[in-house]
Amino acid sequence: YQTLAEADPEVAKIIEDETWRQFSGLELIASEASRPASNLTSLAVMEANGSMLTNKYSEGLPGARYYGGNEHIDILENLCRERALKAFNLDPKVWGVNVQPYSGSTANFAAFTALINPQDRIMGLGLPDGGHLTHGYYTAKKKITASSIYFQSFPYRVTPGTGLIDYEQLTTNAGLYKPRLIVCGASAYPRDWDYQRLRKIADTNGSYLLSDMAHISGLVAAGEQNSPFEYCDVVTTTTHKTLRGPRAGLIFFRKDKESDMEQRVNQAVFPACQGGPHNNTIAGIAVALKQAADPAFKAYAKQVIANARTIAKVLSSHEYKLQTDGTDNHLVLWDLRPLGLTGSKIEKICDECHITVNKNAVSGDTSAQVPGGVRVGLAALTSRSMKEAEMETVAAFLHRAVQIALTAQKEAGDKLLKNFVAAFSNKDNESAKLLEQ
Ligand code: PLP
């Protein structure tokens, strides 16, 4: 037996460097929540995820596999399914869940495959408005996602100015477009969803309603956001964002006998979209779901929102523009366009300071590569037990980063900004000195 460091020092070193990056920096990526060793949950999840379970093939479902030797895997997958339903307070007679999707993207594609036919019409929130690629995104030049290649897609939007979902326009457009499927849920939307209203729009037009609660599923499990389960036909989620599990996806479906949704979803996952389940990941999900049912998780979710609100409050006090002027969940969407800055610049500057944010489109943006905003998520820092007081400091760092960018831009335009990035670690460099002013 050789350890990783003995067998492959190159990869071992990369993992060590990345671990150190995660420990030493401030992680503000809205889709990341866990910090290794910041709490026992994450270590337990990683232990399950790195276990012997990775060796086993188990195509099929518990009790109906295409391989022998699955007696323990069957128990594991059933346990994971039970915990998934319990975490969201779902009656197993009404709801079922498939825990095999490898990721949020494959969960969404499998769910679409189960619900509708190729080239059917879908409506999801547009990417520049906070929606996800897998909700039907295409560019002016190209259909770049499977969800727009295999389905016809017409996005709905947020209202320019307020940044809130334009339910009225969605009502009108859905009436004209008659989508087979309406997708709600987002990657960068700081407010909660009106599922009742969406259900009404779906019913009027004979559409299925699917919620992709990937970003907020941990907050939903904790009862801190509206639950999509009351109104939606199918609910998908990733397991690695606010739910704090390993990287994977889940698909919840109503066990409607007439439409045979259970079989449609299960067959869409395997064999339509995937092969053998990743049993090590399913074990990690099971562990994370057990933790999500714990009262400590509810306290965590509450704190995530309190922390996001504190960041929003401090940034607003400096007169920065935030999409929707604040937040109800784990993220803040910061619109830098009024300052003449791009999200890419702030992401780069923050990277140099070991603060990790991501550039993000804000309503009205035309480029996803050079968007006008950054997305600031508080799930990971909250995993490190940070509270409102620490958030004041983090917001001050962010303020400073923007001031640095503005100073650089004013003094010498983009050239100096580029120099800053190269010079930050060298205190003797003229650009760095200037930026310290
Ligand atoms: N759905 C939403 C709303 C997301 O934000 C994401 C990823 O960020 C996904 C789906 C895709 O998840 P994955 O990266 O696991 O494929």
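The following legends describe close-up views of a predicted model.

Residues are numbered from 1 along each chain as its sequence is written. Because the model is predicted, local features need pLDDT of at least 70 and side-chain atom pairs count only at pLDDT 80 or more, while totals for chains, interfaces and linings use all residues.

**View 1. The shell of residues around the ligand.** A residue is near the ligand if its C-beta atom, placed from the backbone, lies within 6 Å of it. Of the 15 residues in this shell, Ser-103, Gly-104, Ser-105, Ser-187 and Ala-214 come nearest. Helix α5, residues 104–115, gives the most to the shell, with 3 residues. Helices (H or I, at least four residues) and strands (E, at least two) are DSSP runs, numbered from the N terminus. By residue class, the shell holds 2 nonpolar, 11 polar and 2 charged residues. Here Ala, Val, Leu, Ile, Met, Phe, Trp, Tyr, Cys and Pro count as nonpolar, Asp, Glu, Lys and Arg as charged, and the others, Gly among them, as polar.

**View 2. The open sheet of 7 strands.** The strand order is β4-β10-β9-β8-β7-β5-β6, with mixed pairing; two strands pair if DSSP finds at least two bridges between them. At the edges stand β4 (95–98) and β6 (152–153), each of which pairs on one side only. Strand β7 (residues 181–184) is joined to β8 by 4 bridges, and the two run parallel; Ile-182 stands opposite Leu-209 in β8. Strand β5 (residues 121–123) also pairs with β7 in the parallel sense, over 2 bridges, and Met-123 stands opposite Ile-182. Both faces of β7 are covered, with Leu-181 and Val-183 buried on one side and Ile-182 and Cys-184 buried on the other. A residue is buried if 20 or more other C-beta atoms lie within 10 Å of its own, exposed if 12 or fewer, and partly exposed in between, with C-beta atoms placed from the backbone.

**View 3. The open sheet of 4 strands and its helices.** The order is β11-β12-β15-β14, with antiparallel pairing. Strands β11 (321–322) and β14 (358–360) stand at the edges with a single partner strand each, so one side of each is left without a neighbour in the sheet. Between β14 and β15 (residues 373–377) there are 3 bridges, and Asn-360 has Gly-373 as its bridge partner. Helix α12 (residues 295–317) packs on the sheet and touches β11, β12 (331–335) and β15, its direction making about 20° with that of β12. Helix α13 (residues 343–352) touches β14 and β15, at about 175° to β14. Contact means C-beta atoms, placed from the backbone, within 7 Å; axes are lines fitted to C-alpha atoms, for helices over the stretch in contact, and angles run from 0 to 180 degrees between N-to-C directions.

**View 4. Surroundings of Ala-111.** Leaving aside neighbours within four places in sequence, Ala-111 is in contact with Leu-210, Val-234, Thr-236, Ile-251 and Val-265.

**View 5. Unusual backbone geometry.** A cis peptide bond, with omega of about 15°, joins Phe-270 and Pro-271, and Pro-271 is found in helix α10. Glu-319 has a positive phi of about 70° although it is not a glycine, and lies in the loop between α12 and β11. Glu-319 counts as exposed because it has 8 C-beta neighbours inside 10 Å.

Key:
Contact = placed C-beta atoms within 7 Å.
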